[in-house]
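This report introduces selected features of one protein structure to a reader who has not met it before. Please keep the sequence and the structure in view while reading.

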Amino acid sequence: MNDGPTYGFDTLQIHAGAHPDPATGARQTPIYQTTAYVFRDAEHAAALFNLQEVGFIYSRLTNPTVAVLQERIATLEGGVGAVCCSSGHAAQIMALFPLMGPGKNIVASTRLYGGTVTQFSHTIKRFGWECKFVDFDDLDAVKAAIDDDTRAVFGEAIANPGGYIMDVRAIADVADDAGIPLIIDNTSATPFLCRPIELGATLVVHSTTKYLTGNGTVTGGCVVDSGTFDWSANDKFPSLSQPEPAYHGLKFHETFGNLAFTFHGIAIGLRDLGMTMNPQAAHYTLMGTETLSLRMERHVENAEKIAAWLEKHDAVEEVTYAGLKSSPYFKRVKKVCPRGAGALFTVRLKGGYDACVKMVNALEIFSHVANLGDARSLIIHSASTTHRQLTAEQQEAAGAGPSVVRLSIGTEDADDLIEDLDQALNKAGK
Ligand SMILES: *Cc1c(COP(=O)(O)O)cnc(C)c1O
């Protein structure tokens with residue numbers, strides 16, 4: 001199929017990147033369960049290794065099933081290319097790797113997935129990288145945090161766990177003025193609800209583990225490149241603009257133009273970091289993308305209904321859902337994610353920590369798991385789990401204090417979910 005820009009989202013989520021299998025005519029994308037690919041001859045092999053010809057060499061780098069998923073996600077996000085990898089956390093490292101070096105830093109939002117706060121506060125220090133966490137609602141603070149060694153700005157469009165909405169356009173303008181890329185984690189929003197590239201983001205990362213797969217079967221990640229950033233405009237990004245010693249002095253930007261970041265991600269990132277997505281995982285995620293818009297519409301419809309109901313419940317102190325008029329982020333929904341504020345939010349219980357624990361234990365339809373974006377409704381007490389490694393101050397800044405639970409609203413019957421929440425809240429008491 002010609003993936004022309006004239007097709008709508010519902011068409012692209014099924015067809016983008018896919019073609020009937022040339023060998024068999026198979027209509028569904030086959031799972032190419034192979035490690036290697038036979039070269040036509042020695043010249044062909046050399047041309048592939050020199051990146052003079054695009055083709056398949058070895059599945060750590062490229063695989064036809066994974067390639068279909070890469071093209072599909074890139075198309076849905078409006079990017080020029082994408083690289084899939086083994087998890088969302090792998091995608092974050094893959095996105096930062098070409099930009100960073102020892103002594104360089106990133107500026108990131110305080111409102112992030114707990115695992116990302118940990119990765120950025122501790123683990124990246126081993127590479128000599130640093131992260132400065134800033135409240136992204138304070139644009140002056142973001143500007144002030146950027147210095148000569150800053151190489152990227154990082155935030156979540158709809159932030160885990162509170163469902164807070166970032167003013168992507170405003171932060172993109174700040175990054176632009178500083179000559180550095182904005183990286184958006186679009187996991188919680190998905191390209192159906194939010195299109196960060198249209199709002200000025202350079203790169204988009206995903207945990208495909210979540211809504212893109214949508215059924216809780218496999219972990220995966222993806223880095224999408226907008227193709228709009230000029231890596232040669234300043235001397236901050238030598239891996240892309242200067243001769244790359246890890247690839248016999250190839251200049252990626254000069255050679256591949258707006259595909260430089262994607263080619264670097266495969267030729268250096270996957271080759272040397274090895275955070276590869278396997279073709280089985282790509283298959284499950286491809287199946288998920290086919291119904292993405294249908295699921296997201298239902299996720300949002302259910303979340304709006306349930307958040308409004310929860311807000312009125314006696315046992316509830318606060319619901320953070322940005323789709324509620326009471327949310328300070330409500331006015332950003334139209335601007336950032338016009339099809340809805342997602343299906344992820346936190347609920348603060350009047351009964352505090354004890355009530356949270358009782359509620360989690362009493363729920364029957366909701367599963368108590370460390371995941372989100374499943375068709376199933378999920379709940380977790382973030383402070384004792386996903387945000388456990390954070391300090392009390394970091395937990396509050398992230399919206400994951402001890403008296404809140406995080407809900408990921410699924411696509412079940414909303415009335416059944418409300419009934420389940422009601423019985424659990426009544427058991428949890430005030
Ligand atoms: C889950 C998640 C991640 C990490 O992804 P994994 O696939 O679990 O590695 C990153 N960001 C957000 C917003 C997430 O929800």
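The following paragraphs describe aromatic ring pairs and then a charged surface patch in this predicted model.

**Aromatic pairs**

The count of aromatic pairs in the model comes to 14. One of them joins Tyr37 and Phe56, and this pair is classed as tilted because the ring planes stand at 40°, which falls between the limits of 30 degrees for stacked and 60 for edge-to-face pairs. The two residues lie 19 residues apart, so the pair links distant parts of the chain. Tyr37 belongs to the loop between helix H1 (9-15) and helix H2 (42-49), whereas Phe56 belongs to the loop between H2 and helix H3 (64-77). Tyr37 is buried, with a relative accessible area of 16%, while Phe56 is partly exposed at 32%.

A further pair consists of Phe229 and Phe237, whose planes at 90° make the pair edge-to-face. Both Phe229 and Phe237 are buried. Ring pairs also connect these two residues with Trp231 and Phe261, forming a cluster.

| Pair | Distance between ring centres | Angle between planes | Class |
|---|---|---|---|
| Tyr37 and Phe56 | 5.4 Å | 40° | tilted |
| Phe229 and Phe237 | 5.7 Å | 90° | edge-to-face |

**Negative surface patch**

Asp10, Glu297, Glu301 and Glu304 form a negative patch on the surface. Helix H13 (residues 292-311) supplies the largest share of this patch, namely three residues. Glu304 is found in helix H13. With a relative accessibility of 40%, Glu304 counts as partly exposed, because that class lies between 20% and 50%.

Notes. Residues are numbered from 1 along each chain as its sequence is written. This is a predicted model: local features need pLDDT of at least 70, side-chain atom pairs count only at pLDDT 80 or more; totals for chains, interfaces and linings use all residues. Side-chain values use heavy atoms; hydrogens and water are left out. Patches are made of residues with over 30% relative accessible area and no salt bridge: like charges are joined within 9 Å, nonpolar side chains (Val, Leu, Ile, Met, Phe, Trp, Tyr) within 5 Å. Accessible areas come from the Shrake-Rupley method with a 1.4 Å probe; for residues, only the protein chains shown count as cover. A salt bridge is a side-chain nitrogen of Lys or Arg within 4 Å of a carboxyl oxygen of Asp or Glu. Lys and Arg count as positive and Asp and Glu as negative; His and the chain ends are not counted. The place of a charge is taken as NZ of Lys, CZ of Arg, CG of Asp or CD of Glu. Helices (H or I, at least four residues) and strands (E, at least two) are DSSP runs, numbered from the N terminus. Buried means under 20% relative accessible area, exposed over 50%, partly exposed in between (1.4 Å probe, protein chains only). Rings of Phe, Tyr and Trp (its six-membered ring) pair if their centres lie within 6.5 Å; planes under 30 degrees apart count as stacked, over 60 as edge-to-face and the rest as tilted.
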